Amino acid sequence: MRVKYPSIIIGVVLAGSMILTGCGGESSPSGSITVLAQHHPWTTAIEPYIPEFEEETGIDVDLQSFSEEQARDKSLVTLQSRSSEFDVFMSLKSREGLLYAQSGFYEPLDEYVDDPELAPESYRFEDFQASPLEGERVEGQLVGLPIIVEGPVIFYRKDLFGEYDIAPPEDIFELVDAARQIQENTGGDVYGVAIRGLNTALPYTFGPFFHNMGIEWLAEDGSPNFDTPESAEAIDLYATLAREYGPPGVVSNSFTQSSALFAQGRAGMEIDSSNELQSVIDPESSSVIDDVGVMPIPPGPGGNHPTVLQWGISTSAFSENKDAAWEFMKWATSPEMQLNLAFDGIASPRASTWEDSEFRETLDEPVKEEWADTLNFVQEEGNPEVAPPGEDQPRIREIVGNAIDNVILGETTAEEAAEEIQRELGNLSGSE
Amino acid sequence: MHTNPTRRSQTAKEETGGEDTVSRRPYHQIVARLKKNMPRYLMLGPALLLAALLIVFPVAYAVYLSVSDWSPTGVKDTFVGLSNFERLLQDGLFWNALRVTLTLYFVSLIVETVLGTYLAFLLNREVPGNKIFRALILIPSITAPVAISMMWLLLYDPTLGMANYLLRLAGFTGLEWLGDPGLVVYSLAIVDIWEWTPFMGLIILAGLKDLPADPLEAADIDGATPLQKLWHVYLPLLRPIILVAILLRSVDLLRFFDTIYVMTQGGPVNASTTLNIFAYRQGFQYFDLSYASTAMLALLVVVAIIASCIMILRRRFSYEV
């Protein structure tokens, strides 16, 4: 009850402000807009450019930035009370997309991008790479524009692979061999692979294992695909890597712990987000900066389908200044701005950025070049579904994560876990 | 030593008798009495209003939510009766959360009380610098819990953390402090014990300083050993203040949230999911505020039961003194 109290006040205040702002005049691409953002590298990178936008368009921008969870809570409470408190907001479609779209929180953007006046040729809408753009569509409707992309990749120690003559894994099963050789050759000093075990964080890195077996999260009839032998095989492979060749306590690890282990030279490979590059080549915290290589997660019997995750910005359906909001959206995702941001390390969802010769020149080290190539591959081939689709993402991820954690802990077998996930996901969709 | 039952029932009789007389009084006498007491009511008014706003309203709203079907797009106009409570009682995760909450509660509370009492005796000794020490040991209790949790997260890291380094140095094998479902609750209890034992110690110290000298002198004259003095004189005399300290810690411990939220988020596989974490997840991650309210009402009941038990104990022991 204690936690609820502030939200009641916020609700009342927002409801009040909604009535007041409801008296506002006709909207036009001027005036002021509020942008709700998360504390995120993208926000830090774009902030210095905002005065340029204000000068160009005469639209004032109030950028409000909060921690990820706080921003999510705030957006939910605000949108739920149909308030126009903010006009543009950062949103993770793979997480809250379906819920927000079905609740009518997003302004549909198809009309905007199809209108040559609103999205002129210079905006180059077709320049967005397929996977991140697809990720901004919910049930066929475009509800946001991508701003940054990431995906799970493998960071590995080139020196160890060279020293012990370990062949880079060519298919997903060879990961186990590579991990075993690292661990055996170093006498257990270096773990084979640092991998995610924390329940809600796990599906993001588990996805490629699942998809590379040749299965989608859902079967064609919309039921979960965990009743297939391939799914048990994927779980078994992932759990074996984590249990046998992962660090102790792996079930509580996410990117922070994995990157710390890798950067301290205690893991031969790290399977985590491409965003972790900065952590593992940071001279202040990493002792392995000269030995890092980056490669995609290798293919399985069903091909290679990395997970791609994009952040996007969306317009609130309750915005009172949608034209100005669109101007901002268009400016922030324009080819020029994405290139500017790329120089600050923001992985662009636009193909043109990666082809830009000036940008390519900044990839002056082999590791950065490998990173860019891997990320490009992720964007081209990526599957934007981080976890089995459904409205209740946190619960879905917990179901998948907990079941696999039980296999890692040795409490259940992969087959039992697959059955459990199938049953619980089925219950979930049945109750909705 | 015990209260005289006859005296108690007499007092009770007088009180009810008094009320009977009031209700039989003519109307104008009641008005006169109201007028006489008006300043009292006026002065109490704001406090009562504030209490109503801060306590009654949220609880009432939680009750309302628990019997309705809330969704992110607003409360659907449906009264669902007690179905949320029914669901809660059948929910294995709820019972697991209750078990985790109570384990964490009893383990932390018992150790904190024993160590806190011991600490109070230590701090009571007049040695040079003990005032500085008294201030210093409060640091864990006044540091932000999130900062403490981050620090312990580093200490507990199985590979890079200090805890396992020390264990290995002493010839033991390292532990998976937060990764072992059987161990995680105790690892969290250690953090709480480290954080809150000084607080218990200082409360008990205040009681220790206020103890009457006579019983102690009498014990000395009777030739009691230090252990006998502790068991038969100090502890009975300290019981009321220890119970106050226990009450204060109990309410906080049962709502244990921030440390877990930062360190394990309730994992691995719900092994450290307390009722608070359970309700948080239902409300703010699954957006099921109705079910979360139901769980929180259950926690309210648990807190009320435990607090009442402590109050009853306290009353009994304070009569004995």
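This is a short spoken tour of a predicted model with two chains, A and B.

Hi everyone, thanks for coming. Since this is a predicted model, let's begin with the predictor's own scores. The complex as a whole has an ipTM of 0.75 and a pTM of 0.80. For chain A the average pLDDT is 89, with 93% of the residues scoring at least 70. For chain B the mean is 86, and 89% of its residues reach 70 or more.

Two stretches deserve some care as you scroll through. In chain A, pLDDT stays under 50 over residues 13–28, a stretch with 19 contacts beyond four places in sequence in the model. In chain B, residues 1–20 also stay under 50, and there the model has four such contacts. Where pLDDT is low, the predicted coordinates should not be read in detail.

Now to chain A. Please turn the view until you can see the whole chain. Its C-alpha trace spans about 70 × 55 × 40 Å along the principal axes. There are 20 helices and eleven strands in chain A. How compact is chain A for its length? Its radius of gyration is 22 Å, close to the 22 Å that the globule rule gives for 432 residues, so chain A is as compact as a globular protein of that length. Of those 432 residues, 50% count as buried. And if you take contacts in chain A between residues at least 6 apart in sequence, 77% of them join residues at least 24 apart.

The domain assignment splits chain A in two, and each domain is written as two segments: domain 1 is 4–150 + 309–381, and domain 2 is 152–307 + 390–431. Their C-alpha centres lie 30 Å apart. Where they meet, 17 residues of domain 1 of chain A are in contact with 20 residues of domain 2 of chain A. Which helix gives the most to the domain 1 side of that contact? The answer is helix 18 of chain A, with eight residues. Helix 18 covers 366–381, and along with helix 5, at 93–102, it is one of the helices that supply at least two residues to this side. By class, the domain 1 side has nine nonpolar, three polar and five charged residues.

Let's go inside. The largest nonpolar core has 113 residues, and those with the most contacts inside it are Val193(A), Ile235(A), Tyr238(A), Phe328(A) and Ile404(A). Helix 11 of chain A, residues 229–245, provides the largest share of this core, nine residues. The core draws at least three residues from each of the two domains of chain A. For a nice close-up, pick Ile235(A): leaving out residues up to four places away in sequence, it touches Ile404(A), Val407(A), Ala414(A), Ala417(A) and Ala418(A). Apart from this core lies another, of 56 residues, including Leu119(B), Tyr234(B), Ile246(B) and Val269(B).

Before we leave chain A, have a look at helix 10, residues 202–211. Ten of its ten residues are buried, so helix 10 is largely enclosed by the rest of the structure. Among those buried residues are Tyr204(A), Phe206(A), Phe209(A), Phe210(A) and His211(A). What do they pack against? The partners are strand 7 (152–157), helix 11, strand 9 (267–273), strand 11 (309–315) and helix 19 (393–408) of chain A.

On to chain B. Here domain 1 is 5–66 and domain 2 is 85–320, with C-alpha centres 36 Å apart. The contact between them takes four residues from domain 1 of chain B and six residues from domain 2 of chain B. On the domain 1 side, three are nonpolar, one is polar and none is charged.

Last stop: where the chains meet. Here 26 residues of chain B are in contact with 30 residues of chain A. On the chain B side, helix 2 (27–66) and helix 13 (275–285) each supply at least two residues. Helix 2 of chain B has the largest share, four residues. What classes of residue make up the chain B side? They divide into 15 nonpolar, nine polar and two charged.

That's the tour. Thanks for listening!

Technical notes. Residues numbered from 1 in each chain as written. Chains lettered and ligands numbered in written order. Predicted model: local features only at pLDDT ≥ 70, side-chain atom pairs only at ≥ 80, totals over all residues. Domains from an automatic or database assignment. Contact = placed C-beta atoms within 7 Å. Nonpolar A, V, L, I, M, F, W, Y, C, P; charged D, E, K, R; others polar. Rg over C-alpha atoms; globule rule 2.2 N^0.38 Å. Buried ≥ 20, exposed ≤ 12 C-beta atoms within 10 Å, placed from the backbone. Core = buried A, V, L, I, M, F, W, Y, C linked by C-beta atoms within 7 Å. pLDDT = per-residue confidence, 0-100.
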